Structure formats: structure tokens, C-alpha cells
Amino acid sequence: MSKITTELLLERAVPRSTRLRKIETLNLSKLQLKTGDLDPRLFSRLRHLQKLDLSDNLLDKFPNSLTLPDLRVLNCNNNKLEDVTALKQFPLLEELTYENNVYLTLNDDYKVMFLLQNLRLLNGKDITKLANHVRRVNSRKLTSKVTAHWKKFFRDQLPEKYTAEQVKSIKKKFLKSVQTNVVYGPSSLSEFTRWRVKMIAEEFLAYSLGLELNSDTEPEEKTDENEEESTESPREAAEDVAQVVTPSKRKRNHSKSSPGNKRSKSQASTEEEAEDVSAEPLHFLQCHSKGNSREDFKTQLWSCVFEPVLDSGARKDPIVSSSRTVATCGGESVCLIDCETGTVLKKYKVATEEFFSVAWTTLTMVISDSRKKAHNILAAAGRRGIVKLIHVAADFCYGEIKAHKKPIATVCFSPTQETHLFTASYDKRIALWDIGIPDCDYNFKASQLLVLETASIPLRIALVPTCPEQYLLAGCEDGCFAWNIKLDKGQKSRPFEAIFQFPGDESMTTSHRVDGLAFLNDDVVVSKSSKPGCIYLWSWSRSFDAKGKGCQRTMSAVILAELEWSTTDMSYLTLSTCPAKEYVFCGDEKGSVWMYNLSSYTTAWGSAKGKRSERRIPPTQILQWPELRVNGEQPPEVLVNNVVADPAFSYLVVLTSVNITAIWKKS
């Protein structure tokens with residue numbers, strides 16, 4: 001049997017297709033396929049594949065990089081599979097069958113239940129309840145046993161100041177000992193238990209070594225609050241928060257990494273950059289829990305924005321004070337947090353919603369005695385495609401805009417037109433709205449001004465700082481695009497004006513997921529692609545030909561530099577910038593935050609003859625995720641979905657995949 005070809009994939013699509021990227025269902029059963037026939041380069045073009053049938057073949061394993069980001073259903077019945085761990089590359093998988101693979105056992109069932117967080121059906125059976133037990137109860141018990149084993153037998157063997165060789169030696173001994181001595185569950189699952197114990201032990205050593213183990217907790221009382229839509233007072237909001245313990249102050253995560261840290265090579269690129277930023281962990285909050293449950297380590301946190309500062313003296317409202325106040329969203333709630341105290345000032349909840357994005361604007365509103373006053377308004381949107389408009393100082397959600405029929409990925413306000421709101425949706429449209437200004441009775445009128453058609457789902461949007469009323473840039477599932485948004489043009493629905501090419505494996509390409517996008521200054525764009533470890537800095541003015549005519553033009557991004565980042569191919573770990581301090585921030589799949597001080601590069605980039613940096617720029621500092629405990633238990637694996645600094649870079653807010661908001665303070 002010949003290897004898989006493009007023609008074969010198109011022919012076996014259900015229904016038949018003319019483009020690989022359009023295929024959603026694919027039947028590759030009974031083709032005598034072997035593992036080597038699954039070409040990752042070819043499969044990577046199946047970006048929207050949701051159902052794949054590989055039954056009745058000769059597969060003994062899966063390649064590690066098939067890159068099927070949307071795969072939901074997989075059939076591997078009647079093969080020769082020996083291992084299932086490679087299936088973790090399909091995180092959205094909901095249904096999996098692999099019956100009649102004689103080498104797979106009950107241990108493999110437990111492995112896939114742990115690795116695939118969205119899995120509901122395994123070999124035709126609903127495993128939701130069992131999978132939750134495996135992921136949570138089982139993991140907590142094993143983590144507790146691994147930690148206790150370290151404390152009892154190994155912690156005192158490591159001196160205060162240790163060498164890399166000492167770390168290597170104790171790691172080897174600890175891993176061998178812990179796999180032999182930590183036992184849990186029935187003997188039929190001993191292979192799975194050893195596998196998990198080794199994983200937990202390695203994570204423990206890699207990310208907690210050098211921090212004191214701390215099992216204290218400071219739980220708060222919680223309330224029973226199940227209203228469909230509600231706004232909570234500061235006292236009520238505080239009661240919903242589980243305060244997670246911070247690590248000991250004896251050892252901190254500064255830019256000089258310990259010898260045991262595998263990333264120690266990723267430090268400053270110059271002596272000037274090597275200065276210690278001295279960011280201290282201040283608070284770790286669990287304030288977006290579903291139903292206020294302290295057992296919720298599943299709610300994903302997605303977006304945070306610092307509140308803009310109103311004119312000095314214009315605001316005397318103590319509830320929301322200054323730019324140390326940040327709005328965060330995830331799950332069914334939006335929270336306002338005072339970064340200094342860790343207090344949840346406000347909490348807004350919609351039981352049927354999952355919020356993905358928040359944005360601030362300042363509106364000059366008419367108050368009851370006909371006087372005008374500036375107030376900050378928060379827009380929040382998510383899975384329902386509805387924008388909620390919240391007057392924070394009044395504790396009131398005064399309106400909503402039914403913006404899209406599909407989820408809204410991100411929102412942002414125009415910096416020059418305070419009532420203009422952009423919403424980017426899974427319906428492959430970016431809409432511009434005028435939200436209006438509410439009167440003293442909160443009556444308002446919203447209107448749609450513009451619709452930008454996208455070729456794929458828009459993930460991140462940014463207005464060009466030098467011309468925010470004319471150009472918008474968007475990072476999408478299938479590329480980076482620009483639109484002319486000038487409202488004096490008659491056309492209300494517009495295609496993109498330009499698509500940007502970036503370096504690919506062999507040549508320049510436009511086809512790649514862009515899940516991180518922000519401006520570092522008026523000209524330098526920072527974008528992150530789905531290519532592993534790839535963050536580019538490029539020039540807007542030198543890449544975009546504003547004088548060219550026509551739309552849907554292809555333009556090559558003029559690359560200024562590439563940042564050294566994690567080698568993960570995991571998507572949707574987005575980046576942010578702090579233009580005033582010339583910093584870039586990006587979290588990774590290990591709970592760490594990579595920080596880049598680029599102030600020594602921007603002057604050269606700004607010159608007309610500025611050349612691309614020959615080597616990748618390493619991070620100035622990496623903030624490692626510390627060991628944390630909630631109610632005596634460690635949270636599961638931590639992904640950093642977003643990390644944002646306030647404009648002055650006094651605070652750093654880190655949003656995670658495990659319902660924890662981390663706040664660091666620059667000392």
C-alpha cells in the first residue's frame with residue numbers, strides 16, 4: 001500500500017473535498033496503514049478535522065506531531081497499538097475508541113483519561129465520572145504521597161547551596177525510590193500508578209526545587225450564590241475567594257536560576273539586561289470558581305485588563321481606585337481585583353456564560369443633576385456571543401449587545417473613540433459597534449458600524465497605534481491580516497486588505513495560527529505563531545504598503561528579531577506588552593512567565609536601516625511557578641493562558657488554566 005497522499009485524503013473525506021483545510025470528517029480505515037504512513041506535514045494541513053477513523057490498520061503507535069488542533073472523535077479499533085501517551089497531542093478529543101488492540105490494558109485506559117481532559121466516551125462508555133476521579137482525587141492522593149516521601153527521606157539530603165551534579169544525583173535516587181515505594185489503588189493499575197508517580201515527581205523536582213514546601217492555607221468562608229446573573233459587593237466577593245498560599249520568601253525566583261533549573265541557559269543576553277527585575281509573588285487567588293467551589297481547578301482564566309486612571313480628582317469612589325485595579329475573566333464570572341491587597345472588589349456572574357475577554361473604556365455620562373462626569377465602563381463577552389456592559393462604580397450591568405451568534409474570542413475599545421468597540425467572533429467576523437452613552441436612567445442605543453470579514457477565526461486584535469481609526473490588525477487561526485477600518489468609506493462589510501507572510505519551514509508562508517498579537521511601540525508588532533517556540537518582532541510601517549491599491553494583498557513581514565521561548569506547540573498561550581517599559585511577556589505550558597526587556601533594541605529597530613537581529617533574543621528573566629497548595633493539595637499542571645502588566649509595570653497578573661490568578665509585584 002502506498003503512503004497517504006493529498007489525493008487520497010481528499011477522496012476519503014466525508015463528504016469528498018477539494019481542500020484539505022475544509023475536511024472535517026475523514027475515513028482512513030482498512031488501508032493497511034503503518035505508523036510511518038502518517039505524515040505529520042500532510043496531516044498538519046487538516047486544520048479543521050474533527051472526526052478521524054483509523055480502524056482496521058496496522059498502527060503500533062501515533063507520531064508525536066500530527067497537529068490536528070480540532071480533533072474531537074478518533075477511532076483506532078483493530079490496530080496494533082502499544083502506547084497511548086501520544087494521544088495527548090489531541091487535547092479537544094471527546095470520543096475515543098481503541099478496542100481490539102491486544103497490547104493495550106486497563107492501565108492505558110487510565111492514562112488517556114488523565115491526559116485528555118475533555119474525553120467523555122472511551123470505547124463507547126461514558127467515563128466522565130471516573131475520569132474526574134482519576135484527574136483529581138487520584139492525582140491529589142499521589143501528589144500528597146510523593147511530597148511526603150520527599151520530605152521524609154530526601155529533603156534533608158540536599159544542602160542549602162547545591163551543585164548541578166548534586167541535583168542530578170538526588171533526582172535519580174528520588175525517582176527510583178518514589179516509584180518503588182509509593183503505592184495507591186489496586187495492583188491491576190500498578191503500571192499507571194508508577195507512570196503518574198514518576199510524572200508528579202519530575203514536575204515536583206523541576207518546578208518546586210529551591211522553594212520551601214508549604215502546606216499552610218488561609219481559607220475564606222464562601223457563600224451559596226446561584227443566581228443566573230448577579231453583581232456581588234466587596235464583602236460578598238471576598239467570601240468567594242480561596243486565598244492560595246504563596247511560597248516562602250527564603251528563596252525567590254530571580255533571574256539567576258538554580259543549578260537544577262533546566263532553563264538556566266535562558267537568561268539575559270547582555271549584562272545590562274541581566275539586572276534582577278525582583279518580581280515577588282504577592283497573591284494567588286481562586287476567585288472564578290464555578291458555584292464558588294474550592295475544588296474547582298478546571299475553570300480556565302483568559303483575559304485581564306487594568307482599569308484606566310481617571311483624571312486626577314475626578315473620581316472619589318473608593319470601590320475602584322486606580323490602575324492597581326484589574327478586571328479578570330474566566331468561567332461564569334468577571335472579577336475586579338485590587339492587586340496590592342489581593343481583595344476581590346467586585347464579582348459579576350452569569351451562570352450560563354463562559355467569559356473570554358474584557359475591555360475598559362471611559363465614558364462622560366450625564367448624572368441626575370444634569371452634570372457630566374467621567375466613569376469607567378467594562379465590556380465583557382464570551383461563549384454566548386453577547387457583550388455585557390457594566391458600570392462598575394454603580395455595581396450595575398446596565399445593558400447587553402447581542403453581537404454575534406457564535407462565541408466572541410476577544411474585544412477591544414478604540415483609544416480615540418471611546419464608544420467604539422470591536423468584537424472578534426468565531427463566526428469569522430470582526431464587528432465594530434458604537435455602544436452609545438447611557439443617560440441617567442441607563443437608556444442607551446448601540447449600533448453596528450462595520451463588519452470585517454475574516455478567512456478564519458480571529459483570535460487577537462490590535463489597532464495600529466499611529467492610525468487607530470484607519471487600520472486594524474488581527475491574528476487568526478490561519479494567518480495575520482490587516483483591514484482598513486476608516487468609516488468615511490462607504491463599504492460597511494469589508495474583506496481584509498492585507499495578509500502577512502512569515503518564515504516557514506522552507507519558505508515564507510501566510511498559513512499559520514497567530515494566537516498572540518500586540519504592539520510594543522508605535523511601529524514594532526509582536527506576534528506569536530503556532531510554530532513551536534516562535535515569537536516574532538516585526539515592523540508595521542516597513543511591512544504594510546499603505547500606498548498599494550486593491551485588497552487581499554500578500555505582504556512579507558519585515559522581521560526585526562525572534563524571541564527565545566518555550567518549544568511547546570501548545571496553542572492559545574498568548575502574549576502581552578508593556579510599551580512604556582518596552583517589555584514583552586508570555587507564559588508557557590509549565591506555569592512560567594517569560595519576560596523580555598527590549599529597551600536596548602528598539603532604537604536600532606526604529607532606524608530605516610535597522611537590520612534583523614541575527615540570533616534569537618533570550619528572556620531577561622523567567623518567573624517560575626512556585627509550589628502552591630489549596631486545602632493542603634497541589635493544583636494540577638499549570639498553563640499560563642495570559643499575563644498582563646499594568647502600564648507602569650508595578651504589578652504582573654498571571655491567568656492560568658487551573659482557576660488561579662497569580663499577582664506578582666515588582667519591588
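The exercises below work through rings, helices, loops and backbone angles in one predicted model.

In this predicted model, local features need pLDDT of at least 70 and side-chain atom pairs pLDDT 80 or more, while totals for chains, interfaces and linings use all residues. Residues are numbered from 1 along each chain as its sequence is written, and side-chain values use heavy atoms, without hydrogens and water.

**Exercise 1. Ring pairs**

Classify the ring pair of Y583 and F585, and say whether each residue is buried or exposed.

Step 1. Recall the rule. Rings of Phe, Tyr and Trp (its six-membered ring) pair if their centres lie within 6.5 Å; planes under 30 degrees apart are stacked, over 60 edge-to-face, and the rest tilted.

Step 2. Apply it. The whole structure holds 28 aromatic pairs. One of them is Y583 with F585: 5.7 Å centre to centre, with 10 degrees between the planes, and stacked.

Step 3. Check the cover. Buried means under 20% relative accessible area, exposed over 50%, and partly exposed in between (1.4 Å probe, protein chains only). Y583 has 5% relative accessibility, so Y583 is buried. F585 is buried too, at 0%.

Step 4. Try another pair. The ring centres of Y601 and W605 are 5.6 Å apart and the planes meet at 20 degrees, so this pair is stacked. Y601 is buried at 14%. W605 is buried at 4%.

Step 5. Look for a cluster. Ring pairs link Y471, F500, F502, Y536, W538, W540 and F544.

**Exercise 2. Helix 3 and a charge**

Find how many residues of helix 3 are buried, and which residue lies over the face of F114.

Step 1. Define the element. Helices (H or I, at least four residues) and strands (E, at least two) are DSSP runs, numbered from the N terminus.

Step 2. Count. Helix 3 spans residues 106-115, and 9 of its 10 residues are buried. Among them are Y110, M113 and F114.

Step 3. Find the charge. A charge sits over a ring if NZ of Lys or CZ of Arg is within 6 Å of the ring centre and within 35 degrees of the ring normal. R196 lies over the face of F114, 3.7 Å from the ring centre.

**Exercise 3. Two helices**

Describe how helix 4 and helix 5 pack.

Step 1. Read the geometry. Axes are lines fitted to C-alpha atoms, for helices over the stretch in contact, and angles run from 0 to 180 degrees between N-to-C directions. Helix 4 (residues 128-153) and helix 5 (residues 164-181) pack at about 130 degrees, with axes 11 Å apart.

Step 2. Name the angle. Helix 4 is therefore oblique to helix 5. The classes are: under 35 degrees roughly parallel, over 145 roughly antiparallel, 65 to 115 roughly perpendicular, and the rest oblique.

**Exercise 4. Far in sequence**

What are the C-alpha distances from A381 to K402 and from L487 to L450?

Step 1. A381 is in strand 15 (residues 372-382). A381 is buried at 0%. A381 and K402 are 21 residues apart in sequence and 9.9 Å apart in space.

Step 2. L487 is in the loop between strand 24 (479-484) and strand 25 (493-494). L487 is partly exposed at 42%. L487 and L450 are 37 residues apart in sequence and 7.9 Å apart in space.

**Exercise 5. Backbone angles**

Which residues does a cis peptide bond join, and what is the phi of Y572?

Step 1. The cis bond joins V14 and P15, with omega about -5 degrees. P15 sits in the loop between helix 1 (6-12) and strand 1 (25-27).

Step 2. Y572 is not a glycine, yet its phi is positive, about 70 degrees. Y572 lies in the loop between strand 32 (558-563) and strand 33 (575-578).
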